[in-house]
Amino acid sequence: MLEFFPGGVRTDKGSIEAEKIIVATHFPILNKHGAYFLKLYQHRSYVTAFKGASNVGGMYIDENKKGFSFRNYKDLLFVGGGSHRTGKKGGGWTQISGFAKTFFPNAREVCRWAAQDCMSLDDMPYIGRYSKRVPELFVASGFNKWGMTSSMAAAMILCDMVQEKENEYARVFSPSRSMLRPQLALNAAHAVLGILTPMAPRCPHMGCALKYNEWEHSWDCSCHGSRFEENGELIDNPATKDKSSLKNKRRSGI
């Protein structure tokens, strides 16, 4: 249980009192305000490090959303790509490996990892009041894979807002701006499909179907991006609790 009230929040482990609260939980975890379950979705991104590849002499990112990024660190070349909506299928590390075999045939893979990012409706972060109805509650989310720069913008904007100072950029990033974007319809469609999918483990966040991720050995929600270990332990929010019933689901063929 997690609930905001004027002057604090209640949880199943007790209450916390505060005049002003900033929700900085990657994906906002309070569903009652702001409709972030419609305004946001989550993306998986993949990176592989190679030895024996050419030095590209800088940092580059493809203008194509399905393209790759490149940068060197000492004797390693980092190649990023293969991204997809969490809970859906995409290129992943396989796409990166195929690219490297073609353009860096002498390169040797030494390690790989993945990341998860919150994506907004219009590619701009949500920084400011969580909702017009709760003026003492603030949020920073939807950084769209630009966390280093967006987090700095969020720090400056929210620092001013909690002190009731004007900030010239607050209106641009306001979470209360229009939701009328094409991505809204796609997010709603994914949510309906996830809720109506039969015979699948359900996410404790809003009841969407979970899908098994063969690459990362996790259970992922395509509606809002919550992820769980094979044993049901929570990895990524907006879910706020484990899914214990996932244990042994993979063995049973579900």
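In this predicted model, C208 is buried, with a relative accessible area of 1%, and its partner C223 is likewise classed as buried, at 2% relative accessibility. The two residues form a disulfide in which the sulfur atoms lie 2.2 Å apart, and the count of disulfides in the model comes to one. The angle about the S-S bond is -100 degrees, which makes the link of C208 and C223 left-handed. The pair links distant parts of the chain, since C208 lies in the loop between α5 (182–196) and β12 (210–213), whereas C223 lies in the loop between β13 (218–221) and β14 (227–229), and the two cysteines are 15 residues apart. A disulfide is a covalent bond between the sulfur atoms of two cysteines.

Two further cysteines remain outside this link. C203 takes part in no disulfide, the nearest cysteine sulfur being that of C221 at a distance of 4.4 Å; a disulfide requires sulfur atoms within 2.5 Å, so a separation of 4.4 Å does not qualify. With 4% relative accessibility, C203 counts as buried. C221 is also in no disulfide, and for C221 the nearest cysteine sulfur is that of C223, 4.4 Å away. C221 counts as buried as well, at 1% relative accessibility.

The largest nonpolar core comprises 16 residues, and those with the most contacts inside it are F4, V23, L30, Y36, L40, Y130 and L137. Strands β4 (21–23) and β11 (137–141) each supply at least two residues of this core. Y36, one of the residues with the most contacts inside the core, is in contact with F27, P28, Y126, R129, Y130, V139 and P175 when its neighbours within four places in sequence are left aside. One of these partners, V139, belongs to the set of residues in β11 that point one way together with L137 and S141.

Strand β11 is itself mostly covered, five of its five residues being buried. L137, V139 and S141 point one way from the strand, whereas F138 and A140 point the other way, and all of these residues are buried. In a regular strand the side chains alternate between the two faces of the sheet. Strands β4 and β11 pair in the parallel sense over three bridges, with I22 standing opposite F138. Strand β10 (residues 126–129), by contrast, runs antiparallel to β11 and is joined to it by four bridges; within this pairing, A140 of β11 is the bridge partner of I127.

The segment preceding β4 includes A18, which lies in the loop between β3 (14–17) and β4. At 26% relative accessibility, A18 counts as partly exposed, and, residues up to four places away in sequence not being counted, A18 touches G7 and G8. A18 and H43 are separated by 25 residues in sequence and by 32 Å in space, C-alpha to C-alpha.

Aromatic side chains form a further set of contacts, with a count of 10 aromatic pairs. F78 and W113 form an edge-to-face pair, with 5.5 Å from centre to centre and 85 degrees between the planes. Because F78 lies in strand β8 (residues 76–85) and W113 in strand β9 (residues 108–119), this pair ties together parts of the chain that are 35 residues apart in sequence. The two partners differ in their exposure class: F78 counts as buried, at 13% relative accessibility, whereas W113 counts as partly exposed, at 35%. Y212 and W219 form another edge-to-face pair, for which the distance is 5.3 Å centre to centre and the angle between the planes is 65 degrees; both Y212 and W219 are buried. Ring pairs also link F68, F70, F99, F103 and F104 into a cluster.

Charged side chains are placed over aromatic rings at two sites described here. The charged end of R10 sits over the ring of F5, at 4.2 Å from the ring centre. K39 lies over the face of Y126, 5.0 Å from the centre of the ring, and Y126 is also among the residues in contact with Y36.

Technical notes:
Residues are numbered from 1 along each chain as its sequence is written. This is a predicted model: local features need pLDDT of at least 70, side-chain atom pairs count only at pLDDT 80 or more; totals for chains, interfaces and linings use all residues. Side-chain values use heavy atoms; hydrogens and water are left out. A nonpolar core is a set of buried Ala, Val, Leu, Ile, Met, Phe, Trp, Tyr and Cys residues joined through side-chain atoms within 4.5 Å. Buried means under 20% relative accessible area, exposed over 50%, partly exposed in between (1.4 Å probe, protein chains only). Contact means heavy atoms within 4.5 Å. Rings of Phe, Tyr and Trp (its six-membered ring) pair if their centres lie within 6.5 Å; planes under 30 degrees apart count as stacked, over 60 as edge-to-face and the rest as tilted. A charge sits over a ring if NZ of Lys or CZ of Arg is within 6 Å of the ring centre and within 35 degrees of the ring normal. Two strands pair if DSSP finds at least two bridges between them.
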